[in-house]
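Got the viewer open? Here's a short tour of what to select next and what you'll find there.

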Number of protein chains: 4
Amino acid sequence: MGRAPVIAIIGSGTGGEPAILNARELGRLIAGNAWVLISGGRDSGVMKAANQGAKEAGNGITIGILPEQHSAVSPNVDVAIVTDTGQARNNIIVLSADVTIACGVDGAGTASEVSLAIKNGKHVILLGVNEEAKKFFATIGREKVLVAETPSEAIEIAKTLLPKR
Amino acid sequence: MGRAPVIAIIGSGTGGEPAILNARELGRLIAGNAWVLISGGRDSGVMKAANQGAKEAGNGITIGILPEQHSAVSPNVDVAIVTDTGQARNNIIVLSADVTIACGVDGAGTASEVSLAIKNGKHVILLGVNEEAKKFFATIGREKVLVAETPSEAIEIAKTLLPKR
Amino acid sequence: MGRAPVIAIIGSGTGGEPAILNARELGRLIAGNAWVLISGGRDSGVMKAANQGAKEAGNGITIGILPEQHSAVSPNVDVAIVTDTGQARNNIIVLSADVTIACGVDGAGTASEVSLAIKNGKHVILLGVNEEAKKFFATIGREKVLVAETPSEAIEIAKTLLPKR
Amino acid sequence: MGRAPVIAIIGSGTGGEPAILNARELGRLIAGNAWVLISGGRDSGVMKAANQGAKEAGNGITIGILPEQHSAVSPNVDVAIVTDTGQARNNIIVLSADVTIACGVDGAGTASEVSLAIKNGKHVILLGVNEEAKKFFATIGREKVLVAETPSEAIEIAKTLLPKR
């Protein structure tokens with residue numbers, strides 16, 4: 001057997017509902033499948049919620065890719081990867097994931113991650129994303145960008161995109 | 001006296017007019033002011049045109065921030081900075097510039113640069129950008145994002161944003 | 001409870017015995033303690049042996065921090081972090097570990113990792129290292145550099161250096 | 001004509017003589033040849049002295065490759081490249097230079113730079129380096145590592161190593 005599928009959940013560190021609820025449910029579903037969850041690792045917003053969900057639902061591994069040496073780490077992260085590369089760590093998040101799911105694209109950090117995923121030829125699933133973001137990323141990402149309405153739909157789409165390994 | 005102002009010109013490596021013409025004219029104006037031009041450094045598209053313009057118009061320094069060790073370098077780049085960090089070099093481009101000017105946002109690489117500039121608190125001027133991109137970046141970037149219709153207008157806006165050094 | 005201790009094993013991708021045997025035994029001991037093993041992740045030399053040892057001995061998590069998008073991954077790596085930062089990924093390896101253990105310092109890549117660990121204020125344990133390397137790193141690393149004669153001694157030293165978390 | 005040769009001067013940010021005097025003289029010689037000087041860019045130690053020397057002697061371009069967004073920049077740096085990658089910026093310094101000259105290897109940061117240069121297949125000239133460092137780097141770097149006794153000898157060696165461009 002090979003490595004487990006790896007899903008990145010990205011989204012704002014300062015956002016509110018519904019992104020937070022979606023991230024928590026995605027975390028549950030990912031861990032329930034015994035997949036690996038990758039996130040930005042910080043103890044706030046979508047990152048915190050995703051890791052919390054994962055630890056409620058199973059024993060899938062949770063990895064946090066941190067921007068700075070002294071970033072506060074989500075308590076539900078199993079392994080903290082300390083990049084000390086600031087926002088350049090966003091590229092490492094999307095490169096390390098088989099599929100990236102964005103819980104909203106409400107801030108510039110998340111927008112950079114969606115863009116970097118597309119640029120690197122990776123698939124991105126947009127969940128709960130506003131119309132401006134949907135239109136923009138459909139234009140630049142075409143078939144690499146998919147849209148989901150619910151966490152479970154996002155996971156179903158992700159399943160179709162996973163590589164054989 | 002201190003360091004000269006530094007302007008980054010970003011845009012697609014595969015684009016056509018008007019982005020190419022705008023980039024070349026911006027390069028001329030930047031070098032004419034004896035400012036430093038930073039770009040992604042490769043020998044194609046907006047990067048190539050911007051450096052070409054700069055060397056037609058003055059002796060401002062041109063710096064290329066390259067993604068890979070073996071990237072082909074624009075012949076009008078004075079100094080090639082070899083990052084070997086792939087698309088993460090986009091963060092270095094915008095962090096090193098006082099102001100970033102996007103000649104179109106037609107690809108995911110440029111979208112990541114605009115996003116990273118905003119995330120790092122930097123100003124971005126959008127020149128010749130489509131409506132989807134304008135709306136999206138206005139939403140996530142607010143006062144950090146400005147719009148210009150011509151290269152000379154972009155330079156006039158840039159002048160108002162330069163730090164005292 | 002918090003995150004498990006994280007130990008990085010570093011060493012040549014092309015080395016022979018005793019480095020390979022030491023790395024495999026270290027992998028066994030780390031996984032036997034249910035610690036996390038971090039390595040450069042490639043499918044050769046010390047990296048391969050360390051991950052192999054870990055999977056023989058327990059279910060500790062193994063993380064590989066890869067330099068390139070298309071690096072061949074050790075089959076015993078649970079999660080591959082794709083940095084696409086070339087040798088700059090060496091800084092991420094040592095920053096992410098509580099303690100780094102070098103199985104020989106026979107190549108320039110390993111020497112850079114030991115140096116970066118010291119520069120970042122981290123402890124390094126040298127195991128099976130030649131006299132030139134021992135003298136050099138004692139000079140520049142002082143109390144941050146410790147020397148072990150066997151894998152089990154290295155692990156005993158590592159235990160005294162682990163942070164409370 | 002192509003790009004000018006690029007020489008990196010590396011060394012401690014906290015060192016004393018003779019490293020400081022050597023760095024200043026190297027800076028003079030590099031600028032006198034109208035070559036580009038690359039350094040770590042900070043306003044201290046070898047970095048500061050090298051840039052100061054360059055501006056005393058000519059109009060060669062000086063580039064500083066900074067680790068952090070808020071690093072204090074040497075006043076004699078023409079262009080500051082802000083990497084925000086911490087010590088990983090050391091890899092960018094050596095990759096961007098045709099030849100690297102170390103003014104002493106007294107600290108772990110410089111040791112990492114020499115190691116990364118060798119690992120990337122680049123030449124390093126050691127100037128005023130202690131015996132432990134000379135022996136160690138001769139072992140791991142072989143023909144990539146050369147030794148000079150004076151700044152002018154270092155520059156003569158560098159001339160023999162410059163690529164045709």
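Is Lys134(C) buried, partly exposed or exposed? Select it and see: Lys134(C) is partly exposed, because its relative accessible area is 23%. For this tour, buried means under 20% relative accessible area, exposed means over 50%, and partly exposed is in between (1.4 Å probe, protein chains only).

A word on the ground rules. This is a predicted model, where local features need pLDDT of at least 70 and side-chain atom pairs count only at pLDDT 80 or more, while totals for chains, interfaces and linings use all residues. Residues are numbered from 1 along each chain as its sequence is written, chains are lettered from A and ligands numbered from 1 in the order in which they are written, and side-chain values use heavy atoms, with hydrogens and water left out.

**Stop one: salt bridges**

Stay with Lys134(C) and add Glu131(C): the two form a salt bridge, with the closest N and O atoms 3.4 Å apart. (A salt bridge here is a side-chain nitrogen of Lys or Arg within 4 Å of a carboxyl oxygen of Asp or Glu.) Both residues sit in helix 5 (residues 131-141) of chain C, three residues apart, about one turn of the helix. Helices are DSSP runs of H or I with at least four residues, strands are E runs of at least two, and both are numbered from the N terminus. Glu131(C) is partly exposed, given its relative accessible area of 47%.

Hop to chain B for a similar view: Lys159(B) pairs with Glu156(B), closest N and O atoms 3.5 Å apart. This pair lies in helix 6 (residues 151-161) of chain B, again three residues apart. Lys159(B) is partly exposed at 40%, and Glu156(B) is partly exposed at 45%.

Back in chain C, pick Arg24(C) and Glu56(C), whose side chains meet in a salt bridge at 2.5 Å, N to O. This one links distant parts of the chain: Arg24(C) is in helix 1 (residues 19-32) and Glu56(C) in helix 2, 32 residues apart. Arg24(C) is partly exposed at 28%, as is Glu56(C) at 39%.

Over in chain A, select Arg24(A), Glu25(A), Arg28(A) and Glu56(A) together to see a network of salt bridges. Over all chains, the structure holds 24 salt bridges.

**Stop two: helix 1 of chain A**

Which residues are buried in helix 1 of chain A? Colour Ala19(A), Asn22(A), Ala23(A), Leu26(A), Gly27(A), Ile30(A) and Ala31(A). They cover an arc of only 160 degrees around the axis (taken from the directions from the axis to the C-beta atoms), so they are on the same side of the helix. Now show what covers them, including strand 1 (6-10), helix 2 (45-57) and helix 6 (151-161) of chain A. Just after the helix comes Ala34(A), with a positive phi near 60 degrees.

**Stop three: the core**

Select Phe137 in chains A, B, C and D: Phe137(A), Phe137(B), Phe137(C) and Phe137(D) have the most contacts inside the largest nonpolar core, which has 120 residues. Such a core is a set of buried Ala, Val, Leu, Ile, Met, Phe, Trp, Tyr and Cys residues joined through side-chain atoms within 4.5 Å. Zoom in on Phe137(D): leaving aside neighbours within four places in sequence, its contacts (heavy atoms within 4.5 Å) include Phe136(C), Val105(D), Leu126(D) and Arg142(D).

**Last stop: Ser44(C)**

Finish in the loop between strand 2 (36-39) and helix 2 (45-57) of chain C, where you'll find Ser44(C). Ser44(C) counts as buried, at 19% relative accessibility. Its side chain reaches the backbone oxygen of Gly13(C) at 3.3 Å.

Methods:
Polar contact = N/O pair within 3.5 Å; in protein donor to acceptor, adjacent residues only side chain to side chain.
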